[in-house]
Amino acid sequence: MGRILLAAIIAIGAAPAFAEGQAPKPMTFTSQKIELPQSERMFPGGPEAEAINNNCLACHSAGMVLTQPKLTKAQWTETVNKMAKVYHAPVAPEDSAAIIDYLTNLKPQP
Amino acid sequence: MRRSFETRLNRRAVIGGIGFGGLAASFPAWAAGSVKLPLPGGPDERQLTTAFPGKGEMILQRTHPPLLETPFEVFDQGVFTPNDRFFVRWHWASIPTEIDADAFRLKVHGAVERELSLSLNDIAELPRFEIAAVNQCSGNSRGLFEPRVPGAQWANGAMGNALWTGVKLKDVLDKAGVKSDAVQVRFDGLDAPVVDEAPDFKKSLDVAHAQDGEVMIAYAMNGEQLPILHGFPLRLIVPGWFSTYWMKMLSDIEVLDKPDENYWMKTAYRIPDTPGANVKPGEKGFPTVPINSMVPRSFLTNLKAGQRVAAGSPIALRGIALGGDCGVKSVEFSSDGGKNWFPTQLGKDEGLYSFRRFDGSLPSLAAGSVEVKVRCTNTKGVVQPDAAVWNPGGFMRNPIETVAITVA
């Protein structure tokens with residue numbers, strides 16, 4: 001996001017650069033703004049879903065996790081470790097085990 | 001149970017569905033129904049959504065960051081995939097939702113004679129270049145892998161074909177003057193990880209590839225300005241290669257004097273360096289390379305699994321094919337398990353990297369079950385394999401597709 005702001009600052013004072021006599025209809029650009037739908041879906045379950053709901057939803061919604069095929073504990077451990085170690089998700093070590101257990105026990109659902 | 005469940009589904013619910021193993025669940029109010037995908041062992045039901053800006057009905061694989069799959073019936077409507085039905089895939093959740101066209105700059109730097117900061121109008125002044133090309137996710141069809149692998153569980157709809165308009169990457173690189181010691185060119189877009197320390201999504205191509213005159217920077221898709229979800233204002237187009245390289249919201253081009261070792265090249269999006277990228281499930285220690293060019297595929301689009309057709313009259317077949325990193329030479333079909341193959345008629349040639357339509361006719365059949373197979377041979381002579389490949393990333397799937405129909 002910082003880069004957009006920077007680009008905006010650089011642009012101040014820059015004149016538009018339309019060339020005369022170029023190809024028939026040069027492309028013109030219109031600024032865009034959209035609003036993306038947000039997911040309010042939580043991981044189902046009681047206290048056992050607390051760790052996953054607290055740690056995982058800032059970076060991605062629950063849907064894709066809940067529609068994974070049945071995966072082994074080793075596969076979920078690898079995924080959760082990747083999120084924490086490679087993608088730097090701030091997951092407390094004590095929460096990791098709870099998240100892995102939750103996912104391993106997950107019954108795949110739509 | 002089966003009946004009551006089916007009535008809850010949208011009219012277009014079954015897309016080549018095989019099994020029926022899903023569980024009922026409640027969906028958010030904005031869901032537009034649901035669909036069943038042929039994902040072995042399930043879960044195979046997904047919501048349909050029309051909630052995304054600029055998008056028609058899409059299969060919801062993930063809301064945030066968005067993963068939207070194209071419903072397969074869209075591919076029966078023509079070789080170009082409409083922008084509002086084109087699949088969507090973002091890696092990181094920090095996606096700009098507002099972009100000022102006047103303020104935007106594309107930066108070119110690194111091993112170049114002149115650093116550039118180009119406005120969109122600067123880019124529009126360069127010679128216009130246009131190409132039809134299939135954009136296919138590296139993990140398209142991952143959900144069909146057996147044994148299943150983790151990741152986005154796409155069926156076959158993480159692909160699309162568009163006419164891309166813009167400028168040749170070569171022309172932009174020439175403007176900057178690539179230095180003689182350059183080896184790769186790295187691309188970065190405006191999206192960013194939520195956590196600062198996470199690896200920003202960047203991809204690289206070898207310099208010669210970047211300068212081949214086909215790799216391009218698109219500003220329009222099917223004749224319209226790129227939608228934000230497809231990478232407004234600029235997107236890299238790498239014809240014949242998987243879309244992991246097709247950087248959306250392209251804002252930064254860095255010419256490198258040594259090979260890119262960033263996570264997204266060195267660790268992620270790697271395939272086994274074996275024929276077909278095929279390994280045995282559980283196999284370890286094989287060498288890997290970054291995923292690269294696509295392989296031939298073909299799909300029947302007018303017949304769905306389980307469809308009933310009339311006995312005693314010929315059955316029209318049609319579908320789409322792609323050559324991969326070259327053109328489509330032929331598409332054939334078989335209705336006897338692959339013993340005998342018959343030619344189809346290829347439709348208009350929109351370019352090497354485009355989908356190509358094919359049409360065929362099955363002779364009239366007696367009542368019973370029939371498996372119809374289609375296979376593409378590309379202009380390099382590569383044929384789709386009988387059996388699906390397997391690898392832990394769920395990449396490069398392209399077996400001969402089979403659709404089982406009932407003649408009655």
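**Exercise 1. Which residues does Leu303(B) touch, not counting residues up to four places away in sequence?**

Solution. The structure is a predicted model, and the first step is to place the residue within it. Leu303(B) sits in the loop between β19 (297-300) and β20 (308-309) of chain B. The next step is to list its partners, which are Leu317(B), Val372(B), Val403(B) and Ile405(B), once residues up to four places away in sequence are set aside. One of these partners, Val372(B), is 69 residues from Leu303(B) along the chain, and the two C-alpha atoms are separated by 9.1 Å. The last step concerns burial: a residue is buried if 20 or more other C-beta atoms lie within 10 Å of its own, and Leu303(B) counts as buried because it has 22 C-beta neighbours inside 10 Å.

**Exercise 2. Decide whether Glu261(B) counts as buried or exposed, and locate it in the chain.**

Solution. Begin with the position, which is the loop between β16 (250-256) and α5 (263-266) of chain B. Then apply the cut-off, by which a residue is exposed if 12 or fewer other C-beta atoms lie within 10 Å; Glu261(B) has 10 C-beta neighbours inside 10 Å and therefore counts as exposed. As a further spatial reference, the C-alpha atoms of Glu261(B) and Leu118(B) are separated by 27 Å, with the two positions 143 residues apart along the chain.

**Exercise 3. Describe the overall build of chain B, and state why its radius of gyration agrees with that of a compact globule.**

Solution. Start with the secondary structure, which comes to five helices and 27 strands in chain B. Then consider the extent of the chain: its C-alpha atoms fill a box of roughly 70 × 50 × 45 Å along the principal axes. For 408 residues a compact globule would have a radius of gyration near 22 Å, and chain B has 22 Å, so the two agree. Buried residues make up 51% of the 408 residues in chain B. Finally, of the contacts in chain B with a separation of 6 or more, 65% come from residues 24 or more positions apart.

**Exercise 4. Set the UniProt features of chain B beside its domain assignment, and describe how the two domains meet.**

Solution. First take the record: an unreviewed UniProt entry places "domain: Oxidoreductase molybdopterin-binding" at residues 94-264 of chain B, and an unreviewed entry also places "domain: Moybdenum cofactor oxidoreductase dimerisation" at residues 293-406 of chain B. Over residues 94-264 of chain B the model is 11% helix and 33% strand, with the end C-alpha atoms 17 Å apart, whereas residues 293-406 of chain B are 0% helix and 43% strand, with their end C-alpha atoms 36 Å apart.

Next turn to the domain assignment, which gives domain 1 (106-126 + 160-290) and domain 2 (297-407) of chain B. The centres of these two domains, taken over C-alpha atoms, are separated by 32 Å, and eleven residues of domain 1 of chain B are in contact with twelve residues of domain 2 of chain B. On the domain 1 side of this contact, strand β17 (residues 270-272) of chain B gives the most, with three residues.

**Exercise 5. Which strand of chain B gives the most to the largest nonpolar core, and why does this core lie between two domains?**

Solution. The core has 108 residues, of which Met216(B), Ile217(B), Ala218(B), Leu236(B) and Ile237(B) touch the most other members. Strand β13 (residues 216-221) of chain B gives the most to this core, with six residues. Domain 1 (106-126 + 160-290) and domain 2 (297-407) of chain B both give residues to the core, so it lies between them. To follow one member outward, note that Ile217(B) touches, among others beyond four places in sequence, Ile123(B), Val172(B), Leu234(B) and Leu250(B).

**Exercise 6. Characterise the contact between chains A and B, and weigh the confidence of the parts involved.**

Solution. The contact takes 48 residues from chain A and 59 residues from chain B, and α1(A) gives the most to the side of chain A that touches chain B, with six residues. Confidence must be read alongside this: in chain A it is lowest in helix α1 (residues 2-11), at a mean of 41, and highest in strand β1 (residues 32-33), at 98. The mean pLDDT is 82 for chain A and 92 for chain B, while the predictor gives the complex an ipTM of 0.88 and a pTM of 0.90.

Key: Residues numbered from 1 in each chain as written. Chains lettered and ligands numbered in written order. Predicted model: local features only at pLDDT ≥ 70, side-chain atom pairs only at ≥ 80, totals over all residues. pLDDT = per-residue confidence, 0-100. Helix = DSSP H or I, 4+ residues; strand = E, 2+ residues; numbered from the N terminus. UniProt positions renumbered as here; feature names shortened; annotations may be inferred. Rg over C-alpha atoms; globule rule 2.2 N^0.38 Å. Contact = placed C-beta atoms within 7 Å. Core = buried A, V, L, I, M, F, W, Y, C linked by C-beta atoms within 7 Å. Domains from an automatic or database assignment.
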